[in-house]
Each structure stands twice: as structure tokens, then as C-alpha cells.
Amino acid sequence: MIEVRNLAFSYPRKSILRDVSFVVSPGEVVSVVGANGVGKTTLLKILATLAVPDSGTVMMDGTDALSHPLRYRRQIGYLPEKVSLYDDMTVKHYLHYRAKLKGEPSKRVRRRVSEAAELCQIVPYLSESIRTLSAGLCKRVALADALLLRPRVLLLDDFLSGLDQGMRETAGAILSNAAAFSSVIVTGHEIEDFSRWTTRFLVLRGGIVSSSVDATGLEPQTLRDRLDMAMKGGN
């Protein structure tokens with residue numbers, strides 16, 4: 001479980017987040033939505049310990065992200081919007097390298113890579129050079145990287161950007177399976193796609209989480225209407 005309390009973050013001349021609070025439980029797939037520039041990417045960077053908040057706390061199963069960053073980071077998987085892979089490596093070589101870089105003992109690396117590759121449906125491409133892969137497959141390799149250590153929290157920024165519909169459906173299936181061991185937090189604008197596998201939507205507006213919408217059992221149009229209203233400031 002990840003618990004966020006009263007997060008605030010400002011750039012020199014602009015306040016982005018002023019009082020963000022929410023909890024994501026194990027097994028949840030939560031989508032953070034909102035207008036461009038509202039702070040979705042900044043929020044995920046804070047959760048990934050790549051940005052330091054002005055105030056507030058991030059706790060995961062009792063571990064404070066700011067007080068114990070190394071312990072915290074080992075329990076998260078983070079996929080930024082723009083991912084740089086090593087084009088001269090094969091997929092297998094890259095994932096082995098990344099697992100070792102993250103501190104995984106050598107005797108467990110092969111199993112970790114195998115599990116992540118199977119989960120992300122990239123086993124047939126393990127011997128392929130990364131430079132030969134499509135953008136969609138590269139994103140799945142990057143997701144496998146984020147999932148290597150079976151993190152307790154998985155953070156995905158603008159995850160579906162640039163993927164065609166087939167790849168989006170595959171991505172949704174992967175995240176649904178990842179929720180078996182992770183709390184999943186994604187950001188983006190693809191509400192219709194998110195609605196197929198998201199359990200809850202958080203609407204970020206005016207520096208706070210202004211609404212939490214349970215997506216379970218809602219018709220897509222009803223869900224879209226509720227989210228549109230929430231993003232515009234309605235009740």
C-alpha cells in the first residue's frame with residue numbers, strides 16, 4: 001500500500017501541487033487524470049523520489065520515502081513518459097544488466113528476467129537487438145524493466161502514449177496481471193482505454209485530488225461524464 005499525505009510542490013514562480021492526499025491499496029490499478037500541466041508527471045516523479053516535495057509524506061508499507069529512500073526505491077517500479085533504452089544490446093542482455101544494476105543477486109537474475117519477459121509478452125524478442133524493435137515493443141521492454149523486482153508499487157507516466165490500439169489492449173492485460181503483486185498508478189489522457197482495466201480514477205485539479213471515482217461497474221459513457229464534470233470542477 002502507498003499512502004500520500006498533504007504533498008505540496010512548487011517551481012520558483014508556480015505552485016503545482018498544494019495538498020495532494022490519497023491511498024492506493026495492493027491490487028488496485030489507479031489512473032490519475034487531469035488537464036495538461038496540472039501536475040501528473042510531477043506527482044509521479046515525487047512518488048519515484050526523483051523530485052523532492054516542499055512538504056508532505058509518501059509512505060509505503062511503513063517505509064517513509066524521504067527518510068529511507070534506498071529501501072523505498074527497491075520496492076517501486078517506475079516508467080517515465082520518455083524512455084531511453086540501450087539500442088546496442090539485445091533485450092535479454094539489457095534486462096540482465098538492469099536487474100544487476102538494481103542490486104538483484106546474480107543467482108536470481110535469470111529468473112527475474114524470465115518472469116518479467118513472460119509477464120510483458122516479450123519472450124519471443126529476448127534475442128533481438130533493441131534497435132530493431134517497434135516503439136510499442138520498446139515500451140514493453142521498458143515495462144519489463146520496471147517490473148523486474150516485482151515492485152510493490154508500479155508508477156507509469158503517460159503509459160499509453162504512442163501505442164496503437166492493439167498494443168494498448170496488451171498493455172492493459174499486462175497491468176491487470178501486475179496488480180496481483182503491485183499497487184499500480186498510471187497517468188494519461190486515454191480515459192476510454194483506462195476504463196477497461198482501471199479500478200479507480202483520481203482527478204487532479206487545482207493542486208489537489210479533487211475527486212476519486214470508482215470505475216467498477218460503470219458504463220464507459222457514464223464514467224466519462226463523471227470524469228469530465230470532475231475535471232471541470234463540477235460535483
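Helices, in what follows, are DSSP runs of H or I with at least four residues, numbered from the N terminus. With that settled, good morning, colleagues. The structure before you is a predicted model, and I shall speak about its cavities, its sheet and one aspartate.

I begin with the cavities. The structure holds 2 cavities of 30 Å³ or more. The largest encloses about 50 Å³ of space. Which helices each supply at least two residues of its lining? They are α5, which spans residues 135-146, and α6, which spans 165-178. The largest share, 4 residues, comes from α5. By residue, the lining of this largest cavity consists of G136, K139, R140, L143, F159, L163, M167, A171 and I174. In terms of character, that lining divides into 6 nonpolar residues, 1 polar and 2 charged.

The second largest cavity has a volume of about 30 Å³. Around this second cavity we find R112, E115, A116, L119, L147, L148, R150 and F181. Here the division is 5 nonpolar residues, 3 charged and no polar.

I turn now to the sheet. Strands of a sheet pair through backbone hydrogen bonds, in either a parallel or an antiparallel manner. In this model there is an open sheet of 4 strands, with antiparallel pairing and the order β2-β1-β4-β5. Its edge strands are β2, residues 14-24, and β5, residues 63-64, each of which pairs on one side only. How many bridges join β1 and β2? Strand β1, residues 2-11, pairs with β2 over 7 bridges in the antiparallel sense. To place one position within the sheet, E3 has V23 in β2 as its bridge partner.

Finally, I should like to consider D193, which lies in helix α7, residues 191-194. Is D193 buried or exposed? Its relative accessibility is 6%. Buried means under 20% relative accessible area, and D193 therefore counts as buried. The side chain of D193 is joined to that of R196 by a polar contact of 2.9 Å. Leaving aside residues up to four places away in sequence, D193 touches L160, Q165 and R168.

To close, I would ask you to retain two points when you inspect the model. The lining of the largest cavity draws at least two residues from each of α5 and α6. D193, in α7, is buried and has a side-chain polar contact with R196. Thank you for your attention.

Methods. Residues are numbered from 1 along each chain as its sequence is written. This is a predicted model: local features need pLDDT of at least 70, side-chain atom pairs count only at pLDDT 80 or more; totals for chains, interfaces and linings use all residues. Side-chain values use heavy atoms; hydrogens and water are left out. Buried means under 20% relative accessible area, exposed over 50%, partly exposed in between (1.4 Å probe, protein chains only). A polar contact is a pair of N or O atoms within 3.5 Å; within protein, one must be able to donate a hydrogen and the other to accept it, and residues adjacent in sequence count only if both atoms are side-chain atoms. Contact means heavy atoms within 4.5 Å. Two strands pair if DSSP finds at least two bridges between them. On a 1 Å grid over the protein atoms alone, a cavity is a set of points where a 1.4 Å probe fits but cannot get out, and a pocket is an open set with protein on both sides within 12 Å along at least five of seven lines; lining residues have an atom within 4 Å of a point. Grid points are joined across faces, edges and corners, and a volume is the space filled by probe spheres set on the points. Ala, Val, Leu, Ile, Met, Phe, Trp, Tyr, Cys and Pro count as nonpolar, Asp, Glu, Lys and Arg as charged, and the others, Gly among them, as polar.
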